[in-house]
Amino acid sequence: AVVSTQSTGSYDDFNWMRIQGKTPSVDVGPDNDHTLNTAAGHYVYMEASYPRVAGDVAWLESTWFTNPTDNCMFSFWAHMMGEDVGALNVYVFTIYSKDLVHTLSGEQDVVWVKQNIRL
């Protein structure tokens with residue numbers, strides 16, 4: 001699935017940003033992306049500290065797709081560092097429901113952590 005960093009819905013409070021190198025905030029986030037591990041690589045980032053407040057939400061969405069085998073795996077690398085880190089929730093939307101399938105909460109480590117989620 002293709003992931004979009006633009007969320008135009010009225011259901012979020014701010015957007016994810018596609019960046020390179022260090023995060024704009026001091027002493028949080030990675031120095032580089034996971035794949036290239038250089039400042040040339042890209043990753044998506046959202047600011048968890050000011051002006052964010054508890055309860056703010058930013059959505060990162062994929063296009064709709066069909067899971068033909070019911071054995072689909074969503075894999076990604078997460079870097080959650082800093083005292084203001086909240087939760088990263090993964091939802092699966094169908095025409096019938098919105099299901100929370102994975103949660104990663106709070107500061108994880110100073111490294112990228114791989115997540116594998118069966119959809």
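This report describes the nonpolar core, the aromatic pairs and the ring-charge arrangements of a predicted model.

**The nonpolar core and V90**

In soluble globular proteins, nonpolar side chains tend to be buried together. Here the largest nonpolar core comprises 10 residues, namely F14, W16, A58, F76, A78, M80, L88, V90, L104 and I117. Two or more residues of this core come from each of the elements β5 (73-78) and β6.

One member of the core, V90, belongs to strand β6, which spans residues 87-93. The relative accessible area of V90 is 11%, under the 20% cut-off, and therefore V90 is classed as buried. When residues up to four places away in sequence are set aside, V90 touches F74, F76, D99, L100, V101, H102 and I117. Among these contacts, F76 and I117 are also listed in the core. The C-alpha atom of V90 is separated by 9.3 Å from that of L60, a residue 30 places away along the chain.

**Aromatic pairs**

A pair of aromatic rings is described by the distance of the centres and the angle of the planes. The structure holds 5 aromatic pairs. Two of them are set out below.

| Pair | Centre to centre | Angle between planes | Arrangement |
|---|---|---|---|
| Y43 and W112 | 5.7 Å | 80° | edge-to-face |
| W59 and Y91 | 5.4 Å | 45° | tilted |

Y43 is located in strand β3 (residues 42-45), whereas W112 is in the loop between β7 (98-105) and β8 (113-118), so their pairing ties together parts that are 69 residues apart in sequence. Y43 itself is buried, at a relative accessible area of 8%.

The pair of W59 and Y91 likewise links distant parts of the chain: W59 is in the loop between β3 and β4 (61-62), Y91 is in strand β6, and 32 residues separate them. W59 counts as buried, at 17% relative accessibility. Y91, by contrast, has a relative accessible area of 29% and is partly exposed. Together with F93, the residues W59 and Y91 form one aromatic cluster.

**Charges over rings**

Y91 also has a charged neighbour: K98 lies over the face of its ring, at 5.2 Å from the ring centre. A further arrangement involves F14, a member of the core. The charged end of R52 sits over the ring of F14, 3.9 Å from the centre of that ring.

**Strand β6 in summary**

Strand β6 recurs in this account. The strand contains V90, gives two or more residues to the largest nonpolar core, and carries Y91, which pairs with W59.

Technical notes
Residues are numbered from 1 along each chain as its sequence is written. This is a predicted model: local features need pLDDT of at least 70, side-chain atom pairs count only at pLDDT 80 or more; totals for chains, interfaces and linings use all residues. Side-chain values use heavy atoms; hydrogens and water are left out. Helices (H or I, at least four residues) and strands (E, at least two) are DSSP runs, numbered from the N terminus. Buried means under 20% relative accessible area, exposed over 50%, partly exposed in between (1.4 Å probe, protein chains only). Contact means heavy atoms within 4.5 Å. Rings of Phe, Tyr and Trp (its six-membered ring) pair if their centres lie within 6.5 Å; planes under 30 degrees apart count as stacked, over 60 as edge-to-face and the rest as tilted. A charge sits over a ring if NZ of Lys or CZ of Arg is within 6 Å of the ring centre and within 35 degrees of the ring normal. A nonpolar core is a set of buried Ala, Val, Leu, Ile, Met, Phe, Trp, Tyr and Cys residues joined through side-chain atoms within 4.5 Å.
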